[in-house]
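Reader: I should like a close look at one part of this structure, namely the charged side chains placed over aromatic rings and the aromatic pairs. Please set that part in the context of the whole chain.

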Amino acid sequence: MRLLHTSDWHLGRSFHRVSLLRAQRDFLDHLVRTVREHAVDAVLVAGDVYDRAVPPLAAVELFDQALHRLAELGVPTVMISGNHDSARRLGVGAGLIERAGIHLRTDPAACGTPVILADDHGDVALYGLPYLEPALVRDELAAERAGHTAVLEAAMERVRADLAARPAGTRSVVLAHAFVAGGAASDSERDITVGGVAAVPADVFRGVDYTALGHLHGSQAITDRIRYSGSPLAYSFSEADHRKTMWLVDLDGDGTVTAERIDCPVPRPLARIRGRLDDLLRDPGLERHEDAWVEATLTDAVRPDEPMARLARRFPHTLSLVFEPDRAPEDPLASYAQRLSGRTDRQIAEDFVAHVRGGLGPDEGERTVLTAALDSVRLADVTGEVAR
């Protein structure tokens, strides 16, 4: 069986205030062509269809068009909700849409109920595990503890129990939206840390022939059987070196997996350039970036006059301007962004408390309050409701 694995469309997202709607439409055109040209048997969409829980109307219209086009292909599509989606909104009408061969899996309670497809070698069971926010699904899944690993393990126990009851030789595919240990993150994924932990071990998905992951925006293989497709477009300059692709996966009759990458259209290349402004404007080696979307980091000791206007004369698609004057790391004026790099929201909040109290950080009770506040904001993002 040939599967096309994609994820993280983020319909409705912009790139530094530049609309990506046309680029997202071009990607969906490319997806449809790929299905036709490569004789794909099923399309897998591993979450984050939309960029936010309440997407703009133009994004909803584009998604509606995508559903119609996928249905017209006559090729089954299995799609799960991600942490950017509102599962309840995305899942509206799922029962009716399923009649057209589009299988929306947004209900955690149904994670052990697969979509069954068949080829010449027998059945393939495809299980959709939507993004599992621990605070919302722990009780429903009867997870032993709070946290991403516990709820995913509980969901996978349902998958393995269902699979064990099926005829011998039934092959299995799982779609999941999670941060799996060993994956490389970028700046454009939303933090899903719970209790200081975001990543789950790859072993959670043991016993499955192929796991189609979403969430991380770089295309990558955790193992031969566990892969991220990555986002089809770059959504931050940290993805400047990404090769944006989908996985074309062949699942043989004995469960053997082979996969190749199918490149996605690039609306405009990304470039990160760094140096003194005058040097950037003169350097002949930067000519190749003159038509790219550019993030320029200026290292001048003194901020130059009209830097954006001057950069735009050579690099008309400059979208981001960062100032990082060359200074010793111990310099108190060193970049604030550098000091925050790699820190979680909770660590930043705790550091702020220590800063305003002369070095005295939060006690355990205060940490509990901070964690609850951050969890409330994250839950509001997932459900699309206002945090209170």
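Author:
**Rings, charges and their setting**

In this predicted model, arginine 227 lies over the face of tryptophan 247, with 4.4 Å to the ring centre. A second arrangement of this kind involves arginine 303, which lies over the face of phenylalanine 323 at 3.7 Å from the ring centre. Arginine 227 belongs to strand S14 (226-228), and tryptophan 247 to strand S15 (245-251).

The loop between strand S14 and strand S15 holds phenylalanine 237, a partner in an aromatic pair. Counting rings whose centres lie within 6.5 Å, there are four aromatic pairs. One of them joins phenylalanine 15 to phenylalanine 237, with 5.0 Å from centre to centre and 55° between the planes. This pair is classed as tilted, because the tilted class takes the planes that are neither under 30 degrees nor over 60 degrees apart. The pair links distant parts of the chain, since phenylalanine 15 lies in strand S2 (residues 14-15) and the two residues are 222 residues apart.

Both partners are enclosed. Phenylalanine 15 has a relative accessibility of 1% and therefore counts as buried. Phenylalanine 237 is likewise buried, at a relative accessible area of 2%. The two phenylalanines do not stand alone, for Phe15, Phe237 and Trp293 form one aromatic cluster.

The backbone on either side of strand S2 also deserves attention. Most residues other than glycine have a negative phi. Histidine 10, in the loop between strand S1 (2-6) and S2, has instead a positive phi, near 55°. Arginine 17, in the loop between S2 and strand S3 (18-19), also has a positive phi, of about 75°, although it is not a glycine. In their surroundings these two residues contrast: histidine 10 counts as buried at 0% relative accessibility, whereas arginine 17 is exposed, with a relative accessible area of 74%.

A positive phi occurs elsewhere too, at alanine 142, which follows helix H5 and has a phi near 55°. Helix H5 (residues 134-141) has Pro134, Val137 and Leu141 as its buried residues. Seen down the helix axis, these buried residues fall within an arc of 90°, so they line one face of H5. An α-helix has 3.6 residues a turn, so residues three or four places apart point the same way. On the other side of H5, Ala135 and Asp139 are exposed. The cover over the buried residues of H5 includes helix H6 (148-164).

These local features belong to a chain with 11 helices and 19 strands. Its radius of gyration is 23 Å, which agrees with the value near 21 Å for a compact globule of 388 residues. The C-alpha trace spans about 70 × 55 × 35 Å along its principal axes. Of the 388 residues, 49% are buried. The chain exposes about 18400 Å², and carbon and sulfur atoms supply 50% of that area.

Contacts across the sequence complete the context for the pair of phenylalanines. Among contacts in the chain with a separation of 6 or more, 69% are between residues 24 or more positions apart. The pair of phenylalanine 15 and phenylalanine 237, 222 residues apart, links distant parts of the chain in the aromatic cluster.

Note on methods: Residues are numbered from 1 along each chain as its sequence is written. This is a predicted model: local features need pLDDT of at least 70, side-chain atom pairs count only at pLDDT 80 or more; totals for chains, interfaces and linings use all residues. Side-chain values use heavy atoms; hydrogens and water are left out. Rings of Phe, Tyr and Trp (its six-membered ring) pair if their centres lie within 6.5 Å; planes under 30 degrees apart count as stacked, over 60 as edge-to-face and the rest as tilted. Helices (H or I, at least four residues) and strands (E, at least two) are DSSP runs, numbered from the N terminus. Buried means under 20% relative accessible area, exposed over 50%, partly exposed in between (1.4 Å probe, protein chains only). A charge sits over a ring if NZ of Lys or CZ of Arg is within 6 Å of the ring centre and within 35 degrees of the ring normal. The radius of gyration is taken over C-alpha atoms; the globule rule is 2.2 Å times the number of residues to the power 0.38. Contact means heavy atoms within 4.5 Å. Accessible areas come from the Shrake-Rupley method with a 1.4 Å probe; for residues, only the protein chains shown count as cover. The arc is that of the directions from the helix axis to the C-beta atoms.
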